[in-house]
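Visitor: Could you take me through one strand of this protein, up close? I would like to know what surrounds it.

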2 protein chains.
Amino acid sequence: MREGSSEFEATFHPKSIAVVGASSDERKSGAKWVLGLKAAGYEGAVYPVSAGGGSIAGLDIFTSLSSVPGDVECVIASIPARSVLQLLDECIAKRVRVVQFFTAGFSETGSTEGESLEREILKRVSNSGLRIIGPNCIGSFCPQCHIPLGPSSLGRTGLAGHVSFVSQSGGIAAKLVEYGIARQIRFSKGVSVGNSIDLDASDFIRYFVHDEATHVIGAYLEGTRDGRRLFASLRQACAVKPTVIWKGGRTEAGAEAAMSHTGSLASSAPVWSAMLQQAGAIEARSLEELADCLLLLQQLGPVHVRKVAIVGGLADGGGGISVSGSDACNDNALAVPPLESTTRERLLDLIGEVGSILRNPVDVSPAQFRGLETLFEAIRVVASDASSDLVIVQEDVDIMHSFLGIAETREVNEFLTRLPRETEKPMAVVLPGGAAELHRVEVENQLLAAGIPVFPAMSRAARAIALVSQLHA
Amino acid sequence: MREGSSEFEATFHPKSIAVVGASSDERKSGAKWVLGLKAAGYEGAVYPVSAGGGSIAGLDIFTSLSSVPGDVECVIASIPARSVLQLLDECIAKRVRVVQFFTAGFSETGSTEGESLEREILKRVSNSGLRIIGPNCIGSFCPQCHIPLGPSSLGRTGLAGHVSFVSQSGGIAAKLVEYGIARQIRFSKGVSVGNSIDLDASDFIRYFVHDEATHVIGAYLEGTRDGRRLFASLRQACAVKPTVIWKGGRTEAGAEAAMSHTGSLASSAPVWSAMLQQAGAIEARSLEELADCLLLLQQLGPVHVRKVAIVGGLADGGGGISVSGSDACNDNALAVPPLESTTRERLLDLIGEVGSILRNPVDVSPAQFRGLETLFEAIRVVASDASSDLVIVQEDVDIMHSFLGIAETREVNEFLTRLPRETEKPMAVVLPGGAAELHRVEVENQLLAAGIPVFPAMSRAARAIALVSQLHA
């Protein structure tokens, strides 16, 4: 182990990248790595390499790694398994720091050849200073350095931020990044480790512990070859940064699929859950839960919520939302306590009706009939009530457009972006999809940009809030 | 009780509607009922009524119901509670069939006045032939008759179909309709019953049993004044049509909110669950589950699924999807059995690799590198395997755009729309949201229009399939 050494710099902030197995055919994945780096605006040197030569993205393709004139810190290899050992010799000769193997066909196939090739690779690089990511992975991701994830010619990275992740699945990593771009989760670094024969999830988790740009850690794991080391890494991580782990292969069918995906021998789900809990990590059970927790942590930090206030009926029809929102919170062991008597009196002034509106959840729709200022004041009063740790506002763009109109919906959202600062109360917004999808996305982006976590359903919000609050258990 | 009589015709197919409490101010809800009916293209007579007169949507406002020249079958009343009794007398004099009270401020407020007014209303209409929907409701909905739900000037109804619902919450009903419009759930009829002092959920469920246009029944219920009658109605319904019930107020906080929402005294959740199971209904636990089950039933009918085949990796990165998809299915007691040996041999030919691709789930991404026709054949082979009752295809528009491109993504979806007919195997598609939202919506609409149920997450698909399959338990 050479923790803290420059293989991580070479992975996330390389000054130069060679794409071995490049192609002048833009449809080939070897070409897409090059196109993606250029499209994303990566500023280091990019050297496409392929025996056939040619050019891609305006760059000449070198016929071998050895013939590349400058230094190469990082190699992305998109080549057949049979060419791997020769490439390693060239990498060592050129003092490459890290090589990422997109190449599949190793131990995950269950074949003896695949397993012995992995052993041969490790023997070849031992004591060479060259480190390996993968095989069967899509490598590293760093928005700050304009390195997109995987062979995508679009080269989308989203904005740089402070959430870092490691994933044993390239597909899950890619989808997490897409969810991130759509929901303004801003990543610092990410890496897909695949079969992780050399650098593995534990290595990257330990690196994230000391990485100043990383404030929140996420991971998708299927199994581990060294449970003790993973546990120690997680405990180290959880002591200093909120860490969310999604363990794939919890069920019998899932464990069988994991075996053939990354060659992971999955331990039983209860063993994993107990390990994660003891380490102090949050356990997510789906990609949605993982993304929801990372978003919540990014926007609000490690909030400790036991009691929530729920506001619905921003346009009309808040009654059913009050009922189902209460169910969703109670399902996740979040209390929905009564409002304080001073709050109830103030609401009575504002809304002028007895009954449902004086409870929690608060259906503020009667206030809306008295004008937006009254609606805003009613929401402000509920959010300021001292009996809750966090306020959840359920909005519905479809229904707001029908009842209030587009301009008024915009006014409501401008008010909501100011509310957490005004009341000093953390807030989450539930914004379900529906028929007015374009407008909903606009509202979502506006709220997210103001630092407010937004969820598509009350059950998703309640679950994420409860999971993150476990950090204080 | 006068079941089968014309109050239901007057609710869903009225020849004439008077909106009492109309307004010439387009921002008022009284105006929006009128605007919505005209925008939706309702072909019957619409009579706005308000003491102040004026005009709305090009129609003169009558100063009283009595002064309306023609017959009025249905009255939508958006008036203060204090004016309700006088209106009832006018309705009876004019031989109105049904009146829908948008008006709130009755028993749901918990006040003695509210409760006694409800009793007075019932006394006033007894033996008059006039029936009441509500109060505290947003009334009826019928796309075929171009009647939108509630006071929305947009008047959106979506296409007419065969799913009918009753809801104790107007807000939940409105959102169900919006989900329906977005996801191509085509409704026959819907009704929000609010406090349901006269016509209640049981009445509408019994009506739906005999209504030929209704093939699938859904309901959001919070409580009932007559549990035996509800149970009998549900048993009747479930014997002939798939019926999905979402019971709001399952938890302590939810039950308290339900009490002040529709004045429903909620029984305990286990009692409800047992009742629904005994009646043969599907129990949904959220709006998303209710909508998912209705969509699945509309698209595939009451499928009986115990074993699923899962296909992922249409572009790349299907491995993690295989693992998490298996977990989601097993979590919902759906088996993911191995493929038959003939299928495995055929896949080996097509994909040329051993390992993960010969199991179920099938990561077809290696086939994609051999061209779309090979990809299609691999999917066809898996879908045709006799060991599964249904195939779930996980697509991801973000990742497909990155790896395949837009034109190829379109080709893949054209193939998928033909697949269920070709293989005679029911199919569901999982299509998560992400960065390419507009393209995702286009793909979703294309698949939905071809009769394929589409879900935003594997867990949502698995849950809906498992719930609907309970009908065969």
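Guide: Happy to! Strand 14 (residues 308-312) of chain A pairs with strand 16 of chain A in the parallel sense, over four bridges. Here strands are DSSP runs (E, at least two residues), just as helices are runs of H or I of at least four residues, numbered from the N terminus, and two strands pair if DSSP finds at least two bridges between them. Within this pairing, A:Val308 stands opposite A:Leu390 of strand 16.

A word on the source: this is a predicted model, where local features need pLDDT of at least 70, side-chain atom pairs count only at pLDDT 80 or more, and totals for chains, interfaces and linings use all residues. Residues are numbered from 1 along each chain as its sequence is written, while chains are lettered from A and ligands numbered from 1 in the order in which they are written.

Now back to strand 16 of chain A, which also pairs with strand 17 (residues 427-430) of chain A, again in the parallel sense over four bridges. In that pairing A:Val391 stands opposite A:Met427.

What about the faces? In a regular strand the side chains alternate between the two faces of the sheet. On one side of strand 16 of chain A, A:Leu390, A:Ile392 and A:Gln394 are buried, and on the other A:Val391 and A:Val393 are buried too, so both faces are covered. Buried means that 20 or more other C-beta atoms lie within 10 Å of the residue's own (12 or fewer is exposed, in between partly exposed), with C-beta atoms placed from the backbone. Because five of the five residues of strand 16 (residues 390-394) are buried, this strand is largely enclosed by the rest of the structure.
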